Amino acid sequence: MIRGTDPVTGTVAVDRIVRTVCSPNCSGTCGVNAFVKDGRLLKIEPASFPEPGWERICLKGIAMAMQRIEHPDRIRYPLRRVGPRGGGQWERVSWEEAMGDIAQRLQATADKYGARANSWMTMSGNYGFKATTSPHRIANTLGGTIFTHDGMMGDLNCAIGFLPALGAGFACNDLADLPHARYILIFGRNPADTDHSEMRFLFDAMEAGAKVVVVDPRFSRTAAKADEWVSPRPGTDAALVLGMIQVMDEECLIDEPYVIRHTNGPFLIDPRSGKVLRGEDGEPQVWDGAAVVAASACAEPVLRGRAQVALADGTVLDCPTAFEAMRSEWRRYTPSHVAEVCALPAETVIRLARDYAGNSPAWLWCGAGPQRYHHGHLVHRAYVTLAALAGNIGKPYAGVNTLDGAHMRFVFNAPEAWTAPGGRHGEHLPGVHLLEILSKQEPYPVKSLWIASYGMGTQSPSFDRFVEEALPNLDLFVVTEQMMTGAADHADYVLPCVSYYEEPLDLVAGGEHWFLQLRQQAIPPVGESRNDYAIFADLAHRMGQGEHWSMDDEAACRFILENHGDPAFRAIDLETLRRQGAVRVQIPRPHVPFGDMVFRTPSGKIELYQEQFAEAGEAVLMHKDPLEGRDPRYPLMLVSPKHVHSTHSQHTMLPWIREHRPEPLLEMHPRDAADRGIADGVMVEVWNDRGRFEVRASLNEGVKPGMLVVPQGFWRKHFRRGHFADLGRIERNAVQEAVIETNYPVWDVGVEVGPLALEDAAP
Amino acid sequence: MTRMAFVIDLKRCIGCDTCAVGCKMENDVPASRHRLKVLDPLNEPALERPTGAYPELKQHWLPTMCHHCDDAPCVAVCPTRALWKRDEDGIVVLDKDRCIGCRRCEEACPYDALSFDAVTGIADKCSFCDHRLAEGKEPMCQAVCPTRAIHSGDIDDPESAVSRLVAERDTYRLGESSGAGPQIHYLKP
Amino acid sequence: MTPLGHRDQVVLLGAGQASAQAADQLRRSGFSGPITLVGDEPHPPYQRPPLSKAYLVGAHNPDWLYYRPAQFWAQRAVTLRLGTPVEAIDRAAGVLRAECGSPIPFDRLLIATGGRARPLAVAGANLPGVHRLRTIDDVDGIRSGLDHARDIVIIGGGFIGLETAAMLISSGRQVTVLEAGPRVLGRVAPPEVSSAMAAIHAERGVDIRTSVTVTAIEASSGRLAVITGDAIFPADLVIVGIGITPEDDLAREAGLATDNGVVVDDLACTSDPRIHAAGDCAAVFDPGAQAYRRRETVHNAIEQARAAALAWAGTSQPYRQAPWVWSDQYSHRLQSVGGSEGADRSVLRGDQRRFSLFHFKSEQLIGADTLDRPDDFAAARRLLNGPRGMAVASAIDSGVALSALAPRQPMAKFERPFSA
């Protein structure tokens with residue numbers, strides 16, 4: 001029977017169809033028509049957009065709409081813990097009681113330790129602007145601390161690799177323009193799994209004749225579709241790119257006029273400091289063939305070689321150009337050296353370099369996988385360098401591409417008037433060091449933590465240590481959630497929040513497209529759920545800060561649009577958005593990042609040479625191996641890729657998802673398995689000296705020998721014991737901290753694996 | 001005469017299971033039953049394993065549901081005419097009111113297209129979303145496929161998308177030797 | 001036997017499921033010669049099972065019951081001679097002699113005359129208001145009397161009787177089932193099934209009386225009275241469902257071997273090589289019972305007819321499948337395969353309301369009865385029809401998934417198993 005069919009008349013009865021948005025961090029941000037009957041979702045269908053071809057939805061969105069909203073584990077009313085934390089005993093309380101108590105305790109903490117002792121943290125579970133910015137807003141309102149999510153998200157090195165070079169943390173062509181590219185080189189990205197809503201553009205490109213190459217240690221779904229698959233050792237992408245650059249250099253494939261004009265390649269470097277040689281006025285100096293002159297005064301500086309610079313005191317400095325300095329590093333990356341570092345055939349490096357440099361437009365598409373290692377910022381710096389040396393940055397349908405779209409512009413440029421109402425600011429602490437900060441209570445005491453839109457119990461590192469070492473120092477731990485997650489299990493209060501379909505009104509900007517959409521309420525809130533904004537508004541009022549929290553949902557959305565820093569959003573009015581459901585953000589088309597060749601770096605050019613990291617020894621691009629994987633006790637690299645069946649931890653509990661992906665499997669190459677006496681399908685133990693977990697093994701030729709693959713998103717309870725996130729560690733990285741903060745190196749994890757001892761193996 | 005057929009582009013199919021789940025939603029298919037399954041070459045879709053040996057590997061996915069065969073074996077064996085191929089559009093329809101749960105269709109079908117209710121034994125299978133066709137909409141699998149891998153239409157109309165794809169691209173069908181005349185045409189991966 | 005030539009005339013005597021199936025199979029096998037289907041009822045072949053179920057109370061026209069839509073016969077060049085009672089099979093002349101009209105010649109003949117409802121041999125059995133339930137006309141007659149029927153008595157507690165009771169019981173109506181034997185479904189199911197179904201009917205308010213013999217039916221003041229040894233049951237409507245007797249007179253009179261049905265081998269062939277028989281009228285040798293038995297099931301009609309048609313087409317495909325049968329009563333579905341006669345051990349899975357009963361004889365699975373457990377039924381059927389059986393231990397161990405013991409094998413092998 002068709003869902004919603006009336007058994008007597010045979011017709012499907014629908015009360016109304018509401019256009020709204022599904023928006024977890026898959027970044028698809030799909031417009032959805034919600035079919036509603038008697039206040040319940042009957043089904044959803046892809047909604048249309050102002051332009052054709054953007055209708056889409058996926059199995060996750062469907063499963064979430066149909067199975068998460070009324071899931072038996074859905075939290076329907078506020079819960080307060082009874083007994084010890086994590087004991088599983090809860091009592092139902094009213095919102096009045098919950099919020100009254102929470103406000104009181106937050107106030108007491110503020111009185112005793114200062115306002116900043118109350119903290120908030122959010123992640124990426126909901127792209128709705130109002131929802132996702134509310135924690136930051138409340139922290140600012142109350143002078144509390146926001147734990148940033150930048151580093152903890154685990155893909156910050158994409159931005160850190162970009163920023164010093166380009167002056168921008170992200171860039172991406174419009175994916176709908178993929179068919180204009182002739183050569184698409186995909187590094188560590190798996191669009192078939194993680195950009196599947198845009199994958200059709202890649203297929204369009206292939207049908208138009210583009211060649212697609214995927215670089216990924218494992219044979220991903222995208223690799224299965226590509227023309228060529230290159231499989232380097234995990235964490236060695238920078239070496240591979242350096243190898244490509246070396247070949248391009250050898251074979252005169254570098255676009256030298258471009259490099260001269262648009263990068264700091266010609267700048268002379270002071271060998272004593274490793275910094276750019278500057279004149280008295282602070283201007284960078286170049287060699288014009290005859291003399292050392294200011295860069296701005298030289299139309300055609302020399303790119304290669306060294307200049308003998310006489311100083312006033314008579315010393316003569318042997319100054320390489322920045323290009324030369326970088327060259328002395330990449331020269332080491334001969335094909336045979338790269339073959340050894342990356343465990344790849346040497347000919348592959350050569351072919352990649354020639355194909356990339358020799359095709360135009362050559363679209364470099366970079367994923368977050370390769371940067372999930374301690375030195376991962378070097379990886380994305382390498383991608384930028386490669387694209388720049390090929391003259392591809394600022395070129396249509398080429399460039400170096402990570403992410404861009406309405407969401408990045410909308411949320412990352414959030415109006416201060418909204419996020420810091422009344423001009424009040426709280427504090428920021430790096431969320432990536434949450435564990436350390438809370439357990440040591442440094443740099444200052446933090447006594448409460450409130451998280452929202454964050455599957456902390458599954459997605460954060462070492463949650464077991466958080467429970468042991470950090471949680472005892474918190475007087476209050478509040479979790480806003482829809483489901484009893486691993487984090488909610490340990491909370492003092494769990495507050496029920498609405499799903500996308502129950503949210504009254506919110507603005508949702510496209511993760512990988514250029515539309516702004518309106519989230520409109522399809523069904524009434526389940527139980528006593530409230531939206532994030534309303535929850536914090538309640539808190540603000542109780543703490544005497546209600547002045548800026550009195551707008552209703554509609555007024556708030558209007559305020560956000562009218563006050564947005566980006567004129568493209570100010571140009572959108574709520575009425576049009578309500579009528580159409582989606583509005584295209586007006587940016588020039590085709591969208592060519594850096595098309596104006598303006599870079600917001602100190603020199604105004606692409607800074608391939610980064611003098612600010614000279615002390616750290618990273619002025620020039622280099623490759624550094626992952627921290628782990630060399631210890632003979634733990635020689636295998638453990639990688640936890642994203643996949644189509646779940647966006648992080650939001651979907652792994654849904655029955656339809658589990659029908660297709662019943663359990664987490666540890667994938668390993670048959671040779672590695674045979675070496676350890678592991679047969680296909682047996683339970684195994686994976687460990688290092690930080691933790692262990694138990695999981696079923698699956699032998700898979702698609703996994704490069706030397707690594708293990710476990711799918712992310714499964715909860716602790718889905719493993720027989722432990723969780724793979726227990727096995728990682730976070731070491732501060734000075735360069736990353738200097739730029740933003742340390743990135744959580746999710747996959748810089750060395751482990752060993754073995755069959756479970758027989759007596760432990762029984763279920 | 002109209003003859004409804006599917007064309008599925010295996011170059012584009014990424015095995016995401018959205019078609020299978022969309023079908024479950026649209027047609028209220030009970031838990032652990034499927035009208036549409038996405039297979040892989042090793043017949044172990046949940047294990048996601050390619051064929052070959054590292055690094056010479058291949059992997060593709062193959063959605064399959066009722067093939068609405070020209071000479072459907074299920075129609076031939078059904079004792080109660082619960083299964084019948086419609087003259088007007090070639091869709092093999094299942095009238096659940098007539099189904100007695102004997103499973104002869106299951107034994108006859110080369111494509112494992114039928115599933116059965118755990119309590120009543122009544123059959124269930126892809127209906128070509130004829131309820132959606134009646135409203136001018138496409139079958140749900142086609143509507144939700146993110147890569148636009150699924151096409152449907154009248155294979156007897158030379159101008160239809162399905163006819164053009166079959167004419168222009170390399171296609172194959174499953175189990176041609178069965179003689180059933182299946183109407184899912186696969187574009188080779 | 002030489003296969004059919006395209007000039008040979010095929011005649012199918014009887015317009016039921018067996019004949020319909022034979023016609024369909026003949027055309028599938030490529031036979032393009034003339035096929036004539038002869039039936040004494042005015043209807044084209046129709047399904048009988050719904051007569052005691054959906055058709056009994058539903059607002060259906062007869063064409064809802066037909067096996068094939070009207071245009072099917074013309075499309076396949078099958079000539080229908082309906083409403084044509086046949087008086088004799090003249091084997092020597094190779095013709096059927098009809099009561100009216102010219103003789104119908106045959107080169108091959110399928111006797112698929114089915115059975116007739118066994119009459120109740122008591123006084124009053126032909127009174128108005130007393131109905132049999134075998135044909136469309138029977139049911140149309142019942143339906144016309146239903147509106148005012150408050151008391152209904154059903155004589156016979158077999159599948160037909162119980163299915164009819166399930167359809168007719170409703171608030172304001174009294175339904176009584178009178179069964180001569182000690183339990184309902186006595187001839188077709190084991191005791192556990194009888195008690196389960198009896199309990200279900202009792203819960204719905206059906207009054208079941210067993211070990212009751214009807215001695216007479218009388219009319220009194222516009223109503224009927226069903227008289228048994230102990231009691232008198234008033235009734236507005238009486239339905240008699242006490243089984244069928246085979247329509248084998250024509251065969252016997254033509255000199256073919258009969259034994260409570262037309263005797264056939266496992267290719268459905270009679271003692272005359274030109275003549276086959278299939279369906280409710282045909283009897284096969286049952287080695288277990290050491291006797292000729294008819295199988296009054298849809299499955300039997302289909303398979304015997306197929307065997308006959310395939311034999312004529314030159315393919316010998318003996319019909320050896322385990323017999324199966326189903327019955328829908330209320331929302332429950334009984335499904336049985338094989339038999340339990342001669343079983344020395346029966347294993348129960350499930351509970352009183354949903355169960356499967358597996359019957360073993362000398363450690364071999366010989367049959368299964370299931371109530372609302374269709375997966376077990378399907379597994380049992382595959383096990384009985386396949387090379388492997390099932391161990392008693394597997395039946396006992398509720399942890400063993402039976403469908404895994406006999407996994408479904410796709411019929412066709414895919415030509416290119418995915419390595420394109």
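**Contacts, domains and sheets in a predicted three-chain model**

Chain A and chain C do not touch, and their nearest C-alpha atoms are 13 Å apart. The model is predicted, so that local features need pLDDT of at least 70 and side-chain atom pairs count only at pLDDT 80 or more, whereas totals for chains, interfaces and linings use all residues. Residues are numbered from 1 along each chain as its sequence is written, with chains lettered from A and ligands numbered from 1 in the order in which they are written.

Biologist: Among the 2 pairs of chains that touch, which has the most contacts?

Modeller: Two residues are in contact if their C-beta atoms, placed from the backbone, lie within 7 Å. Between chain B and chain C, 29 residues of the former meet 26 residues of the latter, while the contact of chain A with chain B takes 38 residues from chain A and 35 residues from chain B. Among the 2 pairs of chains that touch, the most contacts are between chains A and B.

Biologist: How many nonpolar residues are on the side of chain A that touches chain B?

Modeller: Ala, Val, Leu, Ile, Met, Phe, Trp, Tyr, Cys and Pro count as nonpolar, Asp, Glu, Lys and Arg as charged, and the others, Gly among them, as polar. On the side of chain A that touches chain B there are 10 charged and 8 polar residues, and the nonpolar ones number 20.

Biologist: Which element gives the most to the side of domain 1 of chain A that touches domain 2 of chain A?

Modeller: The bounds, which come from an automatic or database domain assignment, place domain 1 of chain A at 16-68 and domain 2 at 79-153 + 407-510 + 519-584. Their centres, taken over C-alpha atoms, are separated by 24 Å, and 21 residues of domain 1 of chain A are in contact with 21 residues of domain 2 of chain A. On the domain 1 side, β1 (16-22), β2 (30-37), β3 and α1 of chain A each supply at least two residues, helices (H or I, at least four residues) and strands (E, at least two) being DSSP runs numbered from the N terminus. With 5 residues, the element that gives the most is β1(A).

Biologist: In β28(A), which residue is the bridge partner of A:M668?

Modeller: Two strands pair if DSSP finds at least two bridges between them. Strand β25 (residues 665-668) of chain A pairs in the parallel sense with β27 (residues 691-699) over 4 bridges, and in the antiparallel sense with β28 (residues 707-709) over 2 bridges. In β27(A), A:L665 has A:R696 as its bridge partner, whereas in β28(A) the partner of A:M668 is A:L708.

Biologist: Are A:L665 and A:E667 buried or exposed?

Modeller: A residue is buried if 20 or more other C-beta atoms lie within 10 Å of its own, exposed if 12 or fewer, and partly exposed in between, with C-beta atoms placed from the backbone. Both faces of β25(A) are covered, with A:L666 and A:M668 on one side and A:L665 and A:E667 on the other, and these residues are all buried.

Biologist: What is the radius of gyration of chain C?

Modeller: Chain C has 11 helices and 26 strands. The globule rule (2.2 Å times the number of residues to the power 0.38, with the radius of gyration taken over C-alpha atoms) gives 22 Å for 420 residues, and chain C lies close to that value, so it is as compact as a globular protein of that length, with a radius of gyration of 23 Å.
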